[in-house]
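Biologist: Got a minute to go through this model with me? I'd like to start with the vocabulary and then get to the residues.

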Amino acid sequence: MLAAGVWSAKLLKPLGLTIPLVAERGYHVKFPIPSCSLNNSVMDVDAKVVASSMIGGLRVSGTAEIADIDAPQDPQKKSILIAQAKAMIPDLDTADARFWMVRRPSFPDSLPAIGEVDGKPGLYTAFGHSHYGLVMAPKTGELVVDLVSERSLNVDFRQFSLARF
């Protein structure tokens, strides 16, 4: 079973498999003591960012880029997100802003890779869910168990095969 997210492509290379998996890198900034809270998530459509109150503070996210998984973070993203957060919430306390980046495994067709790898019996994949990994993981796990167990399925897995590339 290969379910290593964005690192899956590097793990498949020694097997002679090259796939167009990229890192869709998402940037976030969390304000641990924001001096305000939101009852609902708020989106600034023009700036394309979302602010959400969470346990431990307020988070603003929305900046993304396609890059190599090992590329360094873009330091400008932090100042951009903080400025956009202040524009949305002028009284926001930005003193202890915590900045981080995530790497989401994304394919050009936005579909994950689920199923047995052609020519590699017993090697199954379950990665490439882009923004939906946490939501799709339970169902993907069930589907892969069914595939490995050779249960009858009502899903055509060819659309999720790595052979589509």
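Modeller: Sure, vocabulary it is: buried means under 20% relative accessible area, exposed means over 50%, and partly exposed is in between, using a 1.4 Å probe and protein chains only. By that rule Arg158 is exposed, with a relative accessible area of 66%. Keep in mind that this is a predicted model, where local features need pLDDT of at least 70 and side-chain atom pairs count only at pLDDT 80 or more, while totals for chains, interfaces and linings use all residues. Residues are numbered from 1 along each chain as its sequence is written, and side-chain values use heavy atoms, with hydrogens and water left out.

Biologist: Okay. What does Asp156 form a salt bridge with?

Modeller: With Arg158, and the closest N and O atoms are 2.8 Å apart. A salt bridge here is a side-chain nitrogen of Lys or Arg within 4 Å of a carboxyl oxygen of Asp or Glu. Asp156 is partly exposed at 38% relative accessibility.

Biologist: How many salt bridges does the structure hold?

Modeller: There are 7. One of them joins Arg164 to Asp109, with the closest N and O atoms 2.6 Å apart. That pair ties together distant parts of the chain, 55 residues apart: Arg164 is in the segment after H3, and Asp109 is in the loop between E5 and E6. The H and E labels are DSSP runs numbered from the N terminus, helices (H or I) having at least four residues and strands (E) at least two.

Biologist: Are those two buried or exposed?

Modeller: Neither, they're in the middle class: Arg164 is partly exposed at 25% relative accessibility, and Asp109 is partly exposed at 33%.

Biologist: And Lys77, buried or exposed?

Modeller: Lys77 is buried, with a relative accessible area of 14%. Its salt bridge is with Asp74, the closest N and O atoms being 3.7 Å apart. Asp74 is partly exposed at 22%.

Biologist: Switching topic. How is the chain divided into domains?

Modeller: Domain 1 is 5-21 + 108-160, and domain 2 is 24-103. Those bounds come from an automatic or database domain assignment. The domain centres, taken over C-alpha atoms, are 31 Å apart.

Biologist: How many residues does each domain put into the contact?

Modeller: Domain 1 gives 5 residues and domain 2 gives 4, where contact means heavy atoms within 4.5 Å. About 450 Å² is buried between them, with carbon and sulfur atoms giving 55% of that. Buried area is the accessible area, again with a 1.4 Å probe, that two parts lose on being put together, summed over both.

Biologist: Which residues supply most of the domain 1 part?

Modeller: Val6, Trp7 and Lys10 supply 78% of the area that domain 1 buries against domain 2, more than any other three residues. The rule finds 1 salt bridge across this interface. Lys10 also has a salt bridge with Asp70, the closest N and O atoms being 2.5 Å apart.

Biologist: What about the largest nonpolar core?

Modeller: That one has 14 residues, and Val29, Phe31, Leu58, Val60, Leu81 and Leu92 touch the most other members. Strand E1 (22-31), strand E3 (49-54), strand E4 (57-67) and helix H2 (76-88) each give two or more residues to this core. A nonpolar core is a set of buried Ala, Val, Leu, Ile, Met, Phe, Trp, Tyr and Cys residues joined through side-chain atoms within 4.5 Å. In soluble globular proteins, nonpolar side chains tend to be buried together.

Biologist: What is Phe31 in contact with?

Modeller: Leaving aside neighbours within four places in sequence, the contacts of Phe31 include Leu58, Val60, Ile82, Ala85, Leu92 and Ala97. Another core, of 11 residues, lies apart from the largest one, and Leu12, Phe107, Leu123 and Phe127 are among its members.

Biologist: Last thing, backbone oddities. What is the phi of Ser35?

Modeller: Positive, about 65°, although Ser35 is not a glycine. Most residues other than glycine have a negative phi. Ser35 lies in the loop between E1 and strand E2 (42-44), and is exposed at 53% relative accessible area.

Biologist: And where is Ser110?

Modeller: In the loop between strand E5 (98-106) and strand E6 (113-116). Ser110 also has a positive phi of about 65° without being a glycine, and counts as exposed at 59% relative accessibility.
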